[in-house]
There are 2 protein chains.
Amino acid sequence: MKEFEKLSERQRNILFFMDHYMTEHGFPPTIRDIGAATGIDSTSVVNYNLNKLVDAGFLERVASKSRGLRLIKAIPNGRNVMVKSTDSLLRVPHVGTIVAGHPVNVEPEVDHANAVEVPQQWLSGVDPKDVFALTVHGDSMIDAMIADGDLVILRKTTTARNGDMVAVWLDERNETTLKYFYDEGSRIRLQPANPTMGPIFVDYRHCQVQGKVLSVMRRLK
Amino acid sequence: MKEFEKLSERQRNILFFMDHYMTEHGFPPTIRDIGAATGIDSTSVVNYNLNKLVDAGFLERVASKSRGLRLIKAIPNGRNVMVKSTDSLLRVPHVGTIVAGHPVNVEPEVDHANAVEVPQQWLSGVDPKDVFALTVHGDSMIDAMIADGDLVILRKTTTARNGDMVAVWLDERNETTLKYFYDEGSRIRLQPANPTMGPIFVDYRHCQVQGKVLSVMRRLK
DNA sequence: TTTGACAATGAACTTATGTTTGGGTTACAA
DNA sequence: TTGTAACCCAAACATAAGTTCATTGTCAAA
């Protein structure tokens with residue numbers, strides 16, 4: 001990594017030590033820890049080099065917080081534990097399939113065996129408690145750019161904001177569908193994700209939001 | 001998890017907050033942080049409960065060190081279980097965007113800063129070394145059921161088997177596209193993922209496979 | 001040689017943060 | 001009642017740990 005080579009030896013040592021210390025302890029070292037490990041006996045020098053590393057994009061610092069350090073770039077031969085531990089996998093219950101003609105059951109029997117692992121970053125910071133997953137069955141969601149077999153991650157909710165992609169139950173049409181949601185006052189506009197297709201309009205009384213779509217994941221064979 | 005249920009509500013909240021704070025900041029919270037987040041306004045009470053959590057085997061503490069905390073057990077989260085996993089999450093280099101009219105550069109400068117984290121299960125057992133990610137720009141892949149902003153995970157390859165979804169460079173059309181690949185001997189048939197659309201046929205000499213699509217991930221706002 | 005940017009120093013300083021103390025409440029058993 | 005255990009509280013305390021500053025060394029450009 002070219003960028004890495006441009007750092008001073010001290011700075012590289014600091015990064016190595018950071019990485020090592022994190023794996024060892026689960027939290028970042030102090031300035032004095034770093035100094036002791038890299039042979040720098042002035043905290044200000046460590047501080048100076050830490051700021052250099054921030055400038056170079058290798059670190060993040062939170063001012064005036066003890067151990068307010070974070071590795072944000074992989075380093076050669078590093079274990080990158082920091083980077084990885086910032087993003088945990090979440091086991092999201094897989095509660096079934098979504099098929100046109102059937103409402104989605106959003107109060108599922110908890111079945112941990114049927115769980116999907118999702119990187120937390122794909123949940124947009126939503127409380128994991130409210131998250132569930134569905135597999136789309138059939139081609140009924142094609143106008144939402146969602147194919148047969150796709151996994152849809154949703155947040156359980158009964159309300160939506162304009163622009164959200166939601167799973168809605170349309171009792172007039174007797175189907176569940178995934179569309180972008182727009183409240184136009186007198187009616188709800190449901191816009192397909194595929195821009196070549198037109199919207200449908202429904203009365204809000206016939207439009208029950210079941211969940212907000214957070215992400216869609218498709219696994220090819 | 002039975003052990004978890006035996007904890008007091010405060011103690012469970014502390015664990016939830018710890019977990020949340022760690023993912024958010026990359027380092028553990030202070031006693032006062034925990035207190036503020038869980039409605040405990042005495043540091044000694046937080047301290048008391050932290051020690052209880054150590055006894056129960058959920059935490060490790062390092063005495064007299066600031067933020068000397070470490071979660072050592074997965075926490076059930078209502079019906080979701082957090083998995084602190086380092087090896088089932090892979091960092092895949094994100095090498096750019098795929099846009100109609102431009103070939104994909106599959107020999108990228110590896111920049112670990114621009115990496116996406118993907119659960120290993122979504123890589124279908126492919127050697128992680130060969131995996132890279134692209135963001136799709138524009139609506140040119142709509143016939144492949146892939147929308148603007150989608151993240152596509154690919155395996156670097158120049159060959160494909162029938163039925164694979166591949167990224168191909170079509171020099172006659174001067175574009176890169178994602179299609180299902182079928183070698184029909186005399187020609188290559190490229191089938192859009194959207195079953196309502198028809199295939200295109202090209203000579204194999206004008207069809208350069210750049211990668212096989214492993215999965216597609218879409219993150220909604 | 002002078003200049004200036006960069007790097008290093010160590011001590012003083014400030015504040016962030018863990019620990020202790022002395023005292024409370026509640027529930028329950030003896 | 002008394003005692004005890006588990007839990008909770010506020011404030012005082014001690015120290016862990018980040019920041020600042022005046023000064024010095026290094027080295028290349030002017």
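Here is a short tour of the model, stop by stop, with something to select at each one.

**Before you start**

This is a predicted model, where local features need pLDDT of at least 70 and side-chain atom pairs count only at pLDDT 80 or more, while totals for chains, interfaces and linings use all residues. Residues are numbered from 1 along each chain as its sequence is written, chains are lettered from A and ligands numbered from 1 in the order in which they are written, and side-chain values use heavy atoms, leaving out hydrogens and water.

**Stop 1: DNA strand D**

Select strand D and show what surrounds it: 25 residues, counting a residue as near if one of its heavy atoms lies within 4 Å. The closest are A:Arg32, A:Arg67, B:Ser42, B:Ser44 and B:Tyr48. Which part of the strand faces the protein? Of the strand D atoms within 4 Å of the protein, 61% belong to sugar or phosphate, and the rest to bases.

Now look for polar contacts (pairs of N or O atoms within 3.5 Å; within protein, one must be able to donate a hydrogen and the other to accept it, and residues adjacent in sequence count only if both atoms are side-chain atoms). Pick A:Thr43, where a polar side-chain atom sits 3.0 Å from a base oxygen of strand D. Then pick B:Arg10, with a polar side-chain atom 3.0 Å from a phosphate oxygen of strand D.

Color by element next, with helices (H or I, at least four residues) and strands (E, at least two) taken as DSSP runs numbered from the N terminus. Two or more residues near strand D come from each of α3 (31–38) and α4 (43–55) of chain A and α4 (43–55) of chain B. Of these, α4(B) gives the most, six residues.

**Stop 2: A:Arg67**

Stay with strand D and zoom in on A:Arg67. An N or O atom of its side chain is 2.3 Å from a phosphate oxygen of strand D. A:Arg67 is in the loop between β1 (59–61) and β2 (69–71) of chain A. Most residues other than glycine have a negative phi. A:Arg67, though not a glycine, has a positive phi of about 55°. Buried or exposed? A:Arg67 counts as buried because its relative accessibility is 6% (buried means under 20% relative accessible area, exposed over 50%, partly exposed in between, with a 1.4 Å probe and protein chains only).

**Stop 3: DNA strand C**

Switch to strand C. Among the 25 residues around it, A:Ser42, A:Ser44, A:Tyr48, B:Arg32 and B:Arg67 come nearest. Select B:Thr43 to find a side-chain N or O atom 3.0 Å from a base oxygen of strand C. For phosphate oxygens of strand C, try A:Asp41, with a polar side-chain atom at 3.0 Å, and A:Lys52, with one at 3.3 Å. Here α4(A) supplies the largest share of the surface, six residues.

**Stop 4: B:Met145**

Move to the loop between β7 (131–136) and β8 (151–156) of chain B, where you'll find B:Met145. B:Met145 has a positive phi of about 65° without being a glycine. B:Met145 counts as buried, at 1% relative accessibility.

**Stop 5: B:Glu117**

Finish in strand β6 (residues 115–119) of chain B, home of B:Glu117. At 6% relative accessibility, B:Glu117 counts as buried too. Add B:His94 to the selection: B:Glu117 and B:His94 are 23 residues apart in sequence and 9.7 Å apart in space, C-alpha to C-alpha.
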